[in-house]
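Me: I have a structure open and would like to go through how its parts pack together. Can we take it piece by piece?

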Amino acid sequence: MTTTSVRRGRGVSSWAVLASLVLLAVVMLLPLAVVVFNAFKTPAEYSANGPLALPQGLNLDGITEFWERVDFGQKLWNSVLISGSVAVLAVVVSVLNAYALGIGRIRGRLWVLVLFLVANTLPQEALVYPIYYLWKQLGLYDTRFGVIVVFTIIQAAFGTYLLSSVFSTFPRELLDAARIDGASKWQVLVRVVVPISAPTLAVLVVFFFIWTWNEFFLPLVLLISNDTQTVPVALGVLQGQRLMDATTTSASALLGIVPAVAFFLIFQRTLTRGITAGAVK
Amino acid sequence: MTTTSAGPAPTIASPAPPRRRRSGGGAPYLVFLVPGALLLLVVILLPLVMNVGISFTTWTGVGTPEWTGFDNYERLFSDGAFWASFRHNVGLIVAMAILPTLAGLVVAAALFDVVGTRFGPRAAAVLRACVYLPQIVPVAVAGIIWSWMLAPRDGALNRLLEATGLASLAQDWLGDPDLALYSVMGVLVWFQLGYPVVIFVAGLQRVDPALYEAAELDGASWWRRFWHITVPQIRPEIFVVVLTCTIAALKVFGPIYVLTRGGPGGATSVPSYLSYQSFFEKTQVGYGAAIATVLTVLILLLTAGFLRLQNRAEGGERS
């Protein structure tokens, strides 16, 4: 899908544009590159050559030391468990909501939608203390389940809003045909609506996973023990204590970036496929 | 739930408005809304109402809250730290909404219009991914990276300045009260830019290439085409980006927590951080709730205003 049928020439100006965009890309990547360099240095090497020199070898001490110090494997598992559960549950809740709102067109659906939209735009500061208080009473404080419940509805609020508009343009003939064949509403949902909108749902799963993975504020408040904290919370708390030297800091940042970049690469295909699928709707 | 009738199910409620004639009645579908509605009630609506309630009390978080009416709000409006935190928020809106939108437009247009057509879509995709990468780094991690990059003594930025003979420009980027907010703003531009770029590039796919060809044949310069074709065509995307980025800027917490903790001396404090401090450090829960309530009202008003503006703009185009 190139813009023009005629391939235009590459004049001086277009090379200049390319050069400035490459420069921009370098600036954007530089901080990440510096982190990678320094994560593999020994503290002695760092203090001798400074942060900008290339590492002389692959020193894994900083990374292993940090990994053991914060029990990073546990943090990683907490993050995967929380983000994965939220991604799946939030999509299920979004689909159910959107089925009632977009296809069922229940009375007052506009107001219900507004309510979900408000839930999505609210600052978490306005919810944090009551949730903190209630979760303590209910025994959900400092549990991964408690955080999963919170983010399931926060993400589903966005999913409901998006899917309702997608479902409202769902081909009516398909729904009517299924009903004439005697399918119940539940069967129509599971056998017709979900399979046909699968690409959009896949994109939502990915978004919810990454968004939940990157959440900081509510997990910071709700998860205080080593056994429940997520990767960003553990890193943020440690950073706040300012106890780490430069190479350990880099190692910790690298360990925080790697999973995010990995998801990005794994999911990139789903995302591009999903975005085009969404555009056709 | 068990209705299998092919025709419209009989509606028990008032006669169906004509719009719903093909929808088979609404009531049976209500069942599907139950899990979502329950969660919404327990996790969002109840805490929201409680928070507003708490904002009218004095409470340390233990014992019984004491009703004090509008005391917290009166204190709020005469609290210099609160107003300062909102001024800082304006800076963050510049850094997270205005600058990234403007730069994002230019970058997206250049990627789409110049790189995509003359150097191939693959080159454009790689550059776009590079610009987008900071967006997928967890905010807390981005904060860690930058607080170390900007560290006064052995931070990478100061070392870079020394290495290039600009040692006189080296600063205590996050520790100098006059500079800290600008440093935070710079970090947030870096963090945010990828989002508008990706959205705008996606929006540009919709634009009819014939428009560009016609404009080019008429001898319109790149800037003219940018202002008269690109920008108007992706106006819906611009609206969405400005709205979501502005809201995100008002809610900023993670970068402040990790980069500066609101310091030095409150120079980078924002309302969300102020309310966090009141809740969990100063145990002035009522005051924290009042800050959070004001922030909520502001964000909801802003959202409503933007949506009206957007509706009007779209309506104007159609008529």
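Reply: What follows goes through the chains, the domains and some helix pairs. Keep in mind that this is a predicted model.

Me: Start with the two chains. How many residues does each put into the contact?

Reply: Chain A contributes 98 residues and chain B contributes 95 residues.

Me: And what area is buried between chain B and chain A?

Reply: About 8800 Å² is buried between them, and carbon and sulfur atoms give 75% of that.

Me: Which three residues of chain B supply more of its buried area than any other three?

Reply: They are B:Tyr29, B:Phe32 and B:Trp148, which supply 9% of the area that chain B buries against chain A.

Me: Why quote an area at all?

Reply: The size of an interface is often given as the accessible area lost when the parts come together.

Me: OK, now chain A by itself. What domains is it divided into?

Reply: There are two entries: domain 1 covers 12-59 and domain 2 covers 72-280. Taken over C-alpha atoms, the centres of these domains of chain A are separated by 34 Å.

Me: How many residues of each are in contact?

Reply: In chain A, 10 residues of domain 1 touch 7 residues of domain 2. The area buried between these domains is about 650 Å², with 83% of it from carbon and sulfur atoms. On the domain 1 side, A:Val35, A:Ala39 and A:Tyr46 supply 53% of the area buried against domain 2, more than any other three residues.

Me: Back to both chains. At what angle do H1 of chain A and H3 of chain B cross?

Reply: H1 (residues 12-39 of chain A) and H3 (residues 80-118 of chain B) cross at roughly 125°, and their axes come within 10 Å. H1(A) and H3(B) are therefore oblique to each other. Their crossing is left-handed.

Me: Which residues make that contact?

Reply: H1(A) uses A:Ser14, A:Val17, A:Leu18, A:Leu21 and A:Leu24, while H3(B) uses B:Val107, B:Ala110, B:Leu111, B:Val114, B:Val115 and B:Arg118. By class, that contact has 9 nonpolar residues, 1 polar and 1 charged.

Me: New topic: H9 and H10 in chain B. How are they arranged?

Reply: The axes of H9 (residues 209-217) and H10 (residues 222-233) of chain B come within 11 Å and cross at roughly 165°. That angle is over 145 degrees, so H9(B) is roughly antiparallel to H10(B). The crossing of H9(B) and H10(B) is right-handed.

Me: What meets what there?

Reply: B:Leu211, B:Tyr212, B:Ala215 and B:Glu216 of H9(B) meet B:Arg225, B:Ile229, B:Thr230 and B:Gln233 of H10(B). The classes are 4 nonpolar, 2 polar and 2 charged.

Me: And where do H10(B) and H11(B) meet?

Reply: B:Val231, B:Pro232 and B:Gln233 of H10(B) meet B:Arg235, B:Pro236 and B:Ile238 of H11(B). That contact has 4 nonpolar residues, 1 polar and 1 charged. The axes of H10(B) and H11 (residues 235-251 of chain B) come within 5 Å and cross at roughly 65°.

Key:
Residues numbered from 1 in each chain as written. Chains lettered and ligands numbered in written order. Predicted model: local features only at pLDDT ≥ 70, side-chain atom pairs only at ≥ 80, totals over all residues. Heavy atoms only, no water. Axes fitted to C-alpha atoms, helices over the stretch in contact; angles between N-to-C directions. Helix = DSSP H or I, 4+ residues; strand = E, 2+ residues; numbered from the N terminus. Parallel < 35°, antiparallel > 145°, perpendicular 65-115°, else oblique. Left-handed = near helix turned anticlockwise from the far one by under 90°. Contact = heavy atoms within 4.5 Å. Nonpolar A, V, L, I, M, F, W, Y, C, P; charged D, E, K, R; others polar. Domains from an automatic or database assignment. Buried area = accessible area lost by both parts, 1.4 Å probe.
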